[in-house]
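Work through the following exercises with the model in view, and try each task before reading its solution.

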Amino acid sequence: MKPVLLVDFGSTNTKVTAVDVENCEILGTAAAYTTVETDINNGLHDAIKVMEKTTGHLEFAETYACSSAAGGLKMISCGLVPELTAQASREASLGAGAKVWKTYSFQLTKGDMKEIEEYHPDIILLTGGTDGGNTECILYNAKMLAGLSYDCPIVIAGNRCCADDCQEILEGRTTYICENVMPRLGELNIEPTQKQIREIFLNRIVQGKGLTQAMDLMSGIIMPTPSAMLTAMELLSDGWDEILGIGELVGVDLGGATTDVYSVADGSPANTMTVIKGLQEPYTKRTVEGDIGMRYSVRGIMEAAGDRKLAKISGLARNKVNELVDYLEHHTDYIPDSEEMEKMDYALACAAVETAVARHAGSLEQVYTPCGLTYVQSGKDLRRVKYVVVTGGALIHAKHTEEIAEHALYDESNPASLRPEKAEILVDRKYILAAMGLLSKQYPQAALEIMKKEIAYYGHKE
């Protein structure tokens with residue numbers, strides 16, 4: 001047996017997973033409060049103690065960690081045209097595991113700079129223009145960012161013809177030049193920027209989050225937690241070497257503050273008569289709904305779904321729905337302890353999943369042209385995806401997890417939304433996806449075997 005410890009330093013809880021990489025087995029899992037205000041090691045030791053009540057004492061050969069503690073990796077991105085370079089910069093940031101607070105288009109204003117100062121991001125992504133194209137906007141934005149009151153790392157990934165000029169304007173600040181996120185019109189090139197963002201996270205952000213206190217125990221802090229999740233989803237879908245994955249999938253991680261949605265799928269139009277609007281979507285994609293969460297963002301769920309819909313799902317009166325949402329908004333640590341609150345949480349989870357996946361998936365609209373009826377697709381067509389993988393405490397611990405997850409699927413009442421039509425629901429019941437993303441960096445085969453055993457085949461083991 002070769003035990004390996006995988007740690008996820010979350011904003012609220014530190015989660016630990018022990019695996020035997022030789023036999024591809026989960027040995028145990030546990031969680032404890034993240035003690036980021038004092039010594040982060042305390043929360044880690046607490047979680048290990050809880051786990052070892054089940055596993056007994058373990059001598060770990062290696063220990064790896066990911067983190068979203070203290071708010072995770074906070075970013076803003078700047079681009080030129082909203083539908084093009086601004087979207088490309090957002091895709092690069094989210095795919096690297098960042099929490100993108102805002103994407104600015106065109107020239108930054110004084111009001112924008114005031115917002116940026118108040119938000120105090122960890123990293124800024126500066127893009128704009130195709131190679132050989134517009135230089136005015138990115139140069140102007142570089143001058144505006146030069147006035148920031150603190151040294152925020154700035155990744156320059158725009159028009160290569162003026163990247164050096166941008167770096168000169170930002171002299172004295174921490175800057176990194178990457179390849180253009182959109183070198184040619186409509187062409188995405190986001191991997192070099194994603195790699196750079198992850199490196200900045202490792203080299204600088206970890207120190208700022210107090211995680212250096214835990215470094216002595218680690219073989220390495222590899223990536224932000226959302227990046228580990230995305231890596232796990234990709235591995236489970238694509239497979240490794242000669243071991244097959246399960247195929248195209250959509251992943252939903254429902255949390256208290258945000259809802260992350262992942263898709264590992266082609267997403268191209270099913271009909272050859274359909275025209276794609278905007279940029280070609282990346283095969284592996286992540287979106288974050290910062291206004292959709294079960295506690296801190298509960299108000300956002302009601303604003304998106306409406307109190308009538310929540311009342312219909314829960315079976316409660318509209319005035320009661322509004323009353324309970326007000327209560328949950330001010331009691332973010334509340335765990336349902338009555339039938340009424342369980343109904344409310346069920347309705348909120350259903351609406352959160354539906355809203356988040358609908359925003360992630362593409363849409364289809366009919367357009368009449370001189371040649372007749374044509375369909376225009378924005379985003380990814382996920383109707384043919386085979387699996388929906390769900391995770392997050394609000395889903396894993398729910399009484400009706402599968403029923404909630406089914407709200408990720410296509411709904412005839414919203415025929416324009418290109419959500420999965422007949423996908424099978426898979427549940428990450430042991431909360432291991434982020435851990436498997438971590439493990440895959442050193443032991444991809446073991447990580448894939450464990451996920452297929454614990455997630456893909458869970459329903460067939462009963």
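**Exercise 1.** Find which residues Met344 is in contact with, leaving aside its neighbours within four places in sequence.

*Solution.* Taking contact to mean heavy atoms within 4.5 Å, and setting those neighbours aside, one finds Leu310, Leu316, Val321, Leu324, Val325 and Leu328 around Met344. This is a predicted model, in which local features need pLDDT (the predictor's confidence in each residue, from 0 to 100) of at least 70 and side-chain atom pairs count only at pLDDT 80 or more, while totals for chains, interfaces and linings use all residues. Residues are numbered from 1 along each chain as its sequence is written, and side-chain values use heavy atoms, with hydrogens and water left out.

**Exercise 2.** Determine which residues touch the most other members of the largest nonpolar core, and which helix gives it the largest share.

*Solution.* A nonpolar core is a set of buried Ala, Val, Leu, Ile, Met, Phe, Trp, Tyr and Cys residues joined through side-chain atoms within 4.5 Å, where buried means under 20% relative accessible area (1.4 Å probe, protein chains only). Among the 42 residues of the largest core, Leu310, Val321, Met344, Leu348, Val353 and Val388 touch the most other members. The largest share of this core, 11 residues, is supplied by helix 11. A second, separate core has 39 residues, including Leu249 and Tyr262.

**Exercise 3.** Decide whether helix 7 is mostly covered or uncovered.

*Solution.* Helix 7, a DSSP run (H or I, at least four residues, numbered from the N terminus), spans residues 225–238. Of its 14 residues, 12 are buried, among them Met229 and Leu236, and helix 7 is therefore mostly covered by the definition of buried.

How values were computed. Helices (H or I, at least four residues) and strands (E, at least two) are DSSP runs, numbered from the N terminus. The expected span of a helix is 1.5 Å times one less than its number of residues. Buried means under 20% relative accessible area, exposed over 50%, partly exposed in between (1.4 Å probe, protein chains only).
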